[in-house]
Protein chains: 2
Amino acid sequence: MNTFAVGVDLGGTMIKAALVERGQGIRELVSIDTLAEEGPEPVIDRIAGLVRRLASAASADSILGIGIGAPGAVNWERTSVSRAPNLPGWDVINLQTALQSRLGAAFPVIVENDANVAGLGSAHYGAGLPFDSFILVTLGTGVGGAIIYQNTIFRGATGGAGEIGHMTIDYEGPFDRSGVAGAIEAYLGQRFLSRHARYQLLNRPDSVIHKMTGGDLEKITPKMLHEAALAGDAAVQSVLAWAGHKLGCILGSAINLLDIRKVIVGGGVSAAGDYILKPAYDSMVRFVMPGLRDGLEIIREHLGNEVGMLGAAHLVFEYHDGHVSASS
Amino acid sequence: MNTFAVGVDLGGTMIKAALVERGQGIRELVSIDTLAEEGPEPVIDRIAGLVRRLASAASADSILGIGIGAPGAVNWERTSVSRAPNLPGWDVINLQTALQSRLGAAFPVIVENDANVAGLGSAHYGAGLPFDSFILVTLGTGVGGAIIYQNTIFRGATGGAGEIGHMTIDYEGPFDRSGVAGAIEAYLGQRFLSRHARYQLLNRPDSVIHKMTGGDLEKITPKMLHEAALAGDAAVQSVLAWAGHKLGCILGSAINLLDIRKVIVGGGVSAAGDYILKPAYDSMVRFVMPGLRDGLEIIREHLGNEVGMLGAAHLVFEYHDGHVSASS
C-alpha cells in the first residue's frame, strides 16, 4: 500500500495543503485564503477543512498523519505555535489539540517551523536530495534558515535553531526587525533590500529601474531588481552583488560553526539567482577558515512553495519511522 | 570492575596524560615536554611512553582505550590529525595507527580536536554537567570552540564543527590568523587582546599596567590585565569590557543559529572572569533574537587543563557504549 501524509503550509495570506505520497511528491493540492485577521479559531477550521478535502480524495485510512509548517516559534514537542508573525492572536496555540479535536484523533498532527519544514522538504524532495547535511536560507520578507543535519532538522535545545537571518555581520550595523544590529536580515530582508536599492539607484539615472517604477522608487520590488539585472542594468547588478556579499559573510560564519558546507537558497528574493548567489559564494569562501573550504557550494532550491508542504508531510513519515520524537 | 581510560592532551609545549576512572575523574596524571621541533615520530613515542606508565599503574586490562585531544583538524573517523598548529611536520598523521603499532593493538585509540574534547570533558566532569547542550569557548592563544549537543560533540559534516573563533562580527574588521575579517579571534586571541590593550593603555598613565610591565607595554599578558582589573584599574577594566562585548556579539550569533543557550568559557584568558564575562553577557542578550532569550547563561569552566584529558578519556567510554562511531 502506498503511504500518504498531508503537508500544510500555514502562511499569513494563504493556507496550502497537499496530499504527499512518500518518496513521490505531491498528488493533490488545495488552498484557501488564511483570513488571519479573523483570529486563530476560524483559521484552524479552514486548515481542518482542507485536510478533510484531501482525506476524502485519498482513501482516508492510507493517510499516516498531518504535518504543518507554521510561522513563528514551535515548541520542542512539536504541538504548539507561538509568536507567529502575520497571524494576529496566535500567542500560543496548540495546533495539535485543536486539529485533533476537529478531525477526530485518527491523525497524528506534527507542527514545525516553516523554514525547518522547507529544509526537510528540500532534503527529501528538492535541491538537498544529494546531501546529508546542508544549511537552508530562505530569502523572503525576512531571512529564514534551517539546519539539516544527517537528513533531519537540527532543532537545538528547545526547537528554535536555524535563525541565520538574525546572525550579525556587523555589530554596529543596521537593526533588523528583532532589534539585532547588523543581522543579515537587515540587508537582505525584502523591505531592507528594496530600501537600500532605492538609495543606491536614486543617483543612477542610467538604471532602467526608474522606468520600471514609473519614477517612484518606493515601488521597487525584488522581482524588478531581478528583471533589471537580467536586462543588463549595471547599477542594479551592483545592488544585488552588494546583497550577495553580505549573505556570503554570514554563510561563512555559519559554516565555521557548523562545518556544513552546502548551502541551499530559496524564497522569493532568491529569484535574483546568480546576481546574488555568485557574489555570495565569492565572499563566503573568504569568510570560511581555510581548513573548511573544500566542497563549499551554494545551490538554488528549484522547488517553489511546495517545498514546505513536502517537508511538512515528511515530518509524518519520519515520525512513522520512529526517527523523531513527537507526541501524537 | 571499575572502568578506566587514558586521556591524552597533546599540546605544542607539553603532553599530559591521565588515567581516568569513569564518572570519577583523574586517578593519575603524568606529563612530559612535547619537544615538537623533533617532529612527529619522537612525539608519538613520548605519548606511547606516557600511556605505558599509566597502564602499568592501573591493571592494564581494565583500560578500555586511549583518547587523544589534539590541536588542528581531525578526520571524521577520528584517527588522523592534520594541520596541527605548533606541531611542525604534522601535516597528516594517523595517530591511531602510529600508537597501536607502538602499544600493540590492545587499545582502541580515538583522536579528537582539543576544543571538542574540552567540551566533552566539561559536559561529563565540569561546568557543563548540569546541561545537555552548551557552547564551549576557550580563550587562549586563539579562540577555540565546541558545540556539545545532547551530551556529545556536534561534529558537523566532516568533524570540523565548532570554530566559533573564526566567526565574524564585522565583515570589514581586522583579520585573524586564518585571514577571516572581523573574526572574534582577532579581538580576543591572546596576541590581539594584548596588542589592543597596548594601544588603549598607552595614553592612560593612570593605569598600573605601566608599573607592572616596567614601562614596556609589549610585555602585557592577559594575566596582568586580570590582576590590574582586580586591583581596580579602570583603564584595564574598560579594555576587558571591550573584549567581553565583542565576545557577546558572536555568542549571540551562535545562539541564534543553534538555539543552545548555555555558554561555558574556559582557557587562559577566561581567568579575567567577570571583567570579560559580565560585559559579554550584556551584549550577548542584545544579539540574541527576543524569542530565544529565556535561560541564557555564561558560565566559567572551573576545571583547568584537566578538562581536556577528561574529555579525551570520555571519548573511549562513549565508544565503549556504542554511542559514537570510530574505528578501533
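# Worked exercises on a two-chain model

Helix α7 of chain A is followed by Gly232(A), a residue with a positive phi near 90 degrees. Helices here are DSSP runs of H or I with at least four residues, strands are runs of E with at least two, and both are numbered from the N terminus.

The model is predicted, so that local features need pLDDT of at least 70 and side-chain atom pairs count only at pLDDT 80 or more, whereas totals for chains, interfaces and linings use all residues. Residues are numbered from 1 along each chain as its sequence is written, chains are lettered from A and ligands numbered from 1 in the order of writing, and side-chain values rest on heavy atoms, with hydrogens and water left out.

## Exercise 1: helix α7 of chain A

Determine which residues of α7(A) are buried, and identify the helices against which they pack.

*Step 1.* Apply the accessibility classes, in which buried means under 20% relative accessible area, exposed means over 50%, and partly exposed lies in between, with a 1.4 Å probe and protein chains only. Within α7(A), which covers residues 222-230, the buried residues are Pro222(A), Met224(A), Leu225(A), His226(A), Ala228(A) and Ala229(A).

*Step 2.* Look for their contacts, a contact being heavy atoms within 4.5 Å. The buried residues of α7(A) pack against α5 (190-202), α6 (209-212), α8 (234-258) and α9 (274-287) of chain A.

## Exercise 2: strand β10 of chain A

Describe how β10(A) is covered and how this strand pairs with β9(A) and β11(A).

*Step 1.* Of the 7 residues of β10(A), which spans 143-149, 7 are buried. In a regular strand the side chains alternate between the two faces of the sheet. Val143(A), Gly145(A), Ile147(A) and Tyr149(A) point one way from β10(A), while Gly144(A), Ala146(A) and Ile148(A) point the other way.

*Step 2.* Pairing requires that DSSP find at least two bridges between two strands. Strand β9(A), residues 134-139, pairs with β10(A) in the antiparallel sense over 6 bridges, and Leu139(A) stands opposite Val143(A). These two strands form a hairpin with 3 residues between them.

*Step 3.* On the pairing with β11(A), residues 152-153, the sense is again antiparallel, over 2 bridges, and Tyr149(A) stands opposite Thr152(A). The hairpin of β10(A) and β11(A) has 2 residues between its strands, and Gln150(A) there takes a positive phi near 50 degrees.

## Exercise 3: a sheet of chain B and the loop of Thr79(B)

Work out the strand order of the open sheet of 3 strands in chain B, and state whether Thr79(B) is buried or exposed.

*Step 1.* The order is β5-β6-β7 of chain B, with antiparallel pairing. Because β5(B) (73-74) and β7(B) (92-94) stand at the edges with a single partner strand each, one side of each is left without a neighbour in the sheet.

*Step 2.* Helix α2(B), residues 95-103, packs on the sheet by touching β6(B) and β7(B), and its direction makes about 40 degrees with that of β7(B). The angle is taken between N-to-C directions on a scale from 0 to 180 degrees, with axes fitted to C-alpha atoms, for helices over the stretch in contact.

*Step 3.* β5(B) and β6(B) (residues 80-82) share 2 bridges, and Val74(B) has Val81(B) as its bridge partner.

*Step 4.* Thr79(B) lies in the loop between β5(B) and β6(B) and is buried, at a relative accessible area of 7%. Polar contacts are pairs of N or O atoms within 3.5 Å; within protein, one atom must be able to donate a hydrogen and the other to accept it, and residues adjacent in sequence count only if both atoms are side-chain atoms. The side chain of Thr79(B) makes such contacts with the side chains of Asn75(B), at 2.8 Å, and Ser80(B), at 3.4 Å.

## Exercise 4: the interface of chains A and B

Characterise the contact between chain B and chain A by its area, its residues and its polar pairs.

*Step 1.* About 3500 Å² is buried between the chains, 64% of it on carbon and sulfur atoms; this is accessible area (1.4 Å probe) lost on putting the two parts together, summed over both.

*Step 2.* Chain B contributes 45 residues and chain A contributes 45 residues. Across the interface there are 24 residue pairs in polar contact, both residues at pLDDT 80 or more.

*Step 3.* On the side of chain B that touches chain A, β10(B) (143-149), α8(B) (234-258) and α9(B) (274-287) each supply at least two residues, and the largest share, 7 residues, comes from α8(B).
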